[in-house]
Amino acid sequence: MLLWRETIHLVKSMTGYGRARETRNGRDITVEVRSVNNRYLDVSVKMPRNFIFAEDAVKAMVQRYTSRGKVDVFVTVNTLGAEETVVAVNEPLAKSYIDALRHLRQLGGDLMERGVSPAELARLPDLLTLTKGEEDLETVSADLCAVLEEALAAYTAMRETEGRRLAEDIGRRLDAIEALTQLVEARSPQTVAEYREKLLARMNEVLQSASIDESRILTEAAIFADKVAVDEETVRLRSHLGQLRDMLHSGAPVGRKLDFLIQELNRESNTIGSKCSDLQIARDVVDLKAEIEKIREQVQNIE
């Protein structure tokens, strides 16, 4: 009986993309997240150097959304309008300029009678300096993470959509494997009966009129049946199929476990193929192994 009937919404693909853009506190922030398959989680963040202090917070948030894959995060920040700046007066230099100008006035007499205005002082070199105001690091980091969270939501939605497609395809192939297993189980006893009849016919041909030891025929048939019995292998196959279905519904990252179980499915199918010389069973095993290989390829994309 085929058990795969419901849609899976829990499996996530390791491949995904998400983008978000928002203006927060005078900054135009854009975040892109993309990932490809990888055995472990590898997060790479590319952002402006002056915002590098937020890198750890960005990585920590990504780790809450995914556990496997090569994830690249791209952050761009553009400041809108004039940047916040602070005007500072170099007071020691200003006093030196004033003292120097007074000295010139004393030397020049009537030529330097008028006073020195602040505007004139401001034009003197290095008297005034412009510096950027200090960033509120916590606010900037929070703004970046807020936009990142939007990008990660889109990224996760894409991974879930792809994961659902993968899981449904795997489910259909599990049904096909179960159907092929049923065919092997049904055909296996027939091979023993056919072997016994062929053996009996051969003995009749060789011995012709001589009497045939029926017990010897039965013994040979029993030995053959033991050699080609695949009951243990098909039972394990069914067990693995059940575990695969449970994992696809578990909601947890199961890619590595699925990969291990696929190896076990392949091992059992190889054993069945090596035991059975029957042509029909051999064909079924070839089809069975083809389905397993297709599942293995799909599992490589699952988180």
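The paragraphs below lead from the overall fold of this predicted model to a few of its salt bridges.

The protein contains eight helices and six strands, and read from the N terminus these elements follow the order β-β-β-α-β-β-α-α-β-α-α-α-α-α. The chain has 303 residues, of which 34% are buried. Its accessible surface amounts to about 17800 Å², and carbon and sulfur atoms account for 52% of that area. When contacts between residues at least 6 apart in sequence are considered, 80% of them join residues that are at least 24 apart.

Against this background, one can turn to the charged side chains. Side chains of opposite charge can pair when their charged atoms come close. In this model the count of such salt bridges comes to 20, and three of them are followed here in turn.

One of these pairs is formed by Lys70 and Asp72, whose closest N and O atoms are 2.8 Å apart. The two partners fall into separate classes of exposure, because residues under 20% relative accessible area are taken as buried: Asp72, with 16%, is buried, whereas Lys70, at 23% relative accessibility, counts as partly exposed.

A second pair joins Glu185 to Arg238, with the closest N and O atoms 2.7 Å apart. Glu185 belongs to helix α4, which spans residues 137-207, while Arg238 belongs to helix α6, which spans residues 231-248, so this salt bridge ties together parts of the protein that are 53 residues apart in sequence. Glu185 is partly exposed, with a relative accessible area of 29%, and for Arg238, also partly exposed, the relative accessible area is 29%.

The third pair, Glu293 with Arg296, lies within a single helix: both residues sit in helix α8 (residues 279-299), three residues apart, which is about one turn of the helix. Their side chains meet in a salt bridge with an N to O distance of 2.8 Å. Glu293 has a relative accessible area of 33% and is partly exposed, and Arg296, at 32% relative accessibility, likewise counts as partly exposed.

Beyond single pairs, salt bridges that share partners join Asp175, Glu178, Glu185, Arg238 and Arg245 into one network. The pair of Glu185 and Arg238 described above, which links helix α4 with helix α6, has both of its residues in this network.

Definitions and conventions:
Residues numbered from 1 in each chain as written. Predicted model: local features only at pLDDT ≥ 70, side-chain atom pairs only at ≥ 80, totals over all residues. Heavy atoms only, no water. Helix = DSSP H or I, 4+ residues; strand = E, 2+ residues; numbered from the N terminus. Buried < 20%, exposed > 50% of the residue type's maximum accessible area, 1.4 Å probe, protein only. Contact = heavy atoms within 4.5 Å. Areas by Shrake-Rupley, 256 points an atom, 1.4 Å probe, with all protein chains shown as cover. Salt bridge = Lys/Arg side-chain N within 4 Å of Asp/Glu carboxyl O.
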